[in-house]
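Work through the exercises below with the model open beside you. Try each task before reading its solution.

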Amino acid sequence: MSVRQSLLAILDQGPCYGYQLRAEFDRRTGSTWPLNVGQIYNTLDRLERDGLVSKGATDEQGHVFYTITDAGSLEVSDWLGSPVDRGQTARDELAIKLSVAATLPGVDVDAVLRTQRRASASRLAALTRAAHAGSPDGPEGLARKLVTDAQLFQAEAELNWLDRARERLAEQPAHAMSLGLASERPKRGRPARDAVTAG
């Protein structure tokens, strides 16, 4: 999720202050990814530093309004016109956890899988209940439905992947999965403290 580009896209509709941006972000994402105000102001500071927004005057209530610059509008246009590159996302913590657990001697990987599957199934059930609870009509309801649908499909995919991981693990005998520490050490590393202080 790109908070930076989302806030810029909202500012492309007109000047806003921090709390207003927070409310607009919530409205446009179905209130499923709440942002704290500190995160918004940190992002606004970076956007201003990068020349994508400018800080305007303060109104009678003390609200500082931010206005998008031409460079900011161009970035919004580029963002909306470009596909999301899923290859550039953060590492998948669950995939890493399972792959490391599967290679550690003495770890009950099946127990790790069962624990995760229960949590993932519970999340899917909660998302399904939320989806059936209904959403208001109009643009805010549509935003909520789009986000909820994406979360439902991701939760279903995670359960399918966990089932596939269990199948893969069942294909291997437990002793074949364990990896001890490699006997060949990497050539690079942090020098010993004594060697650093001796020089």
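**Exercise 1.** In which helix does Ile96 lie? Then classify its exposure and place it in a surface patch.

*Solution.* Ile96 lies in helix H5, residues 93-103. Helices here are DSSP runs of H or I with at least four residues, strands are E runs of at least two, and both are numbered from the N terminus. Next, exposure. Ile96 counts as partly exposed because its relative accessibility is 38%. The classes are buried under 20% relative accessible area, exposed over 50%, and partly exposed in between (1.4 Å probe, protein chains only). Last, the patch. Ile96, Val100, Leu104 and Val107 form a nonpolar surface patch with about 290 Å² of accessible area together. Such a patch joins nonpolar side chains within 5 Å, from residues with over 30% relative accessible area and no salt bridge (a Lys or Arg side-chain nitrogen within 4 Å of an Asp or Glu carboxyl oxygen). Areas come from the Shrake-Rupley method with a 1.4 Å probe.

*Ground rules.* The model is predicted: local features need pLDDT of at least 70, side-chain atom pairs count only at pLDDT 80 or more, and totals for chains, interfaces and linings use all residues. Residues are numbered from 1 along each chain as its sequence is written, and side-chain values use heavy atoms, leaving out hydrogens and water.

**Exercise 2.** Lay out the fold, then describe the strand pairing.

*Solution.* Count the elements: the chain has nine helices and two strands. Their order is α-α-α-β-β-α-α-α-α-α-α. Now the strands. S1 (residues 53-58) pairs with S2 (residues 64-68) in the antiparallel sense, over four bridges. Pairing requires at least two DSSP bridges. Val53 has Ile68 in S2 as its bridge partner. Five residues separate the strands of this hairpin, and Gly62 in the turn has a positive phi of about 90 degrees.

**Exercise 3.** Which residues have the most contacts inside the largest nonpolar core? Trace where the core comes from.

*Solution.* They are Leu8, Leu11, Leu21, Ile40, Leu44, Leu47 and Val53, in a core of 18 residues. A core joins buried Ala, Val, Leu, Ile, Met, Phe, Trp, Tyr and Cys residues through side-chain atoms within 4.5 Å. Helices H1 (3-11), H2 (18-28) and H3 (37-49) and strand S2 each supply at least two of its residues. H1 gives the largest share, six residues. Take Leu44: beyond four places in sequence, it touches Leu11, Gly18, Leu21, Val53 and Tyr66. Contact means heavy atoms within 4.5 Å. A second, separate core has 10 residues, including Leu94, Leu98, Leu124 and Ala155.

Note on methods
Patch = residues over 30% accessible without salt bridge, like charges linked within 9 Å, V, L, I, M, F, W, Y side chains within 5 Å.
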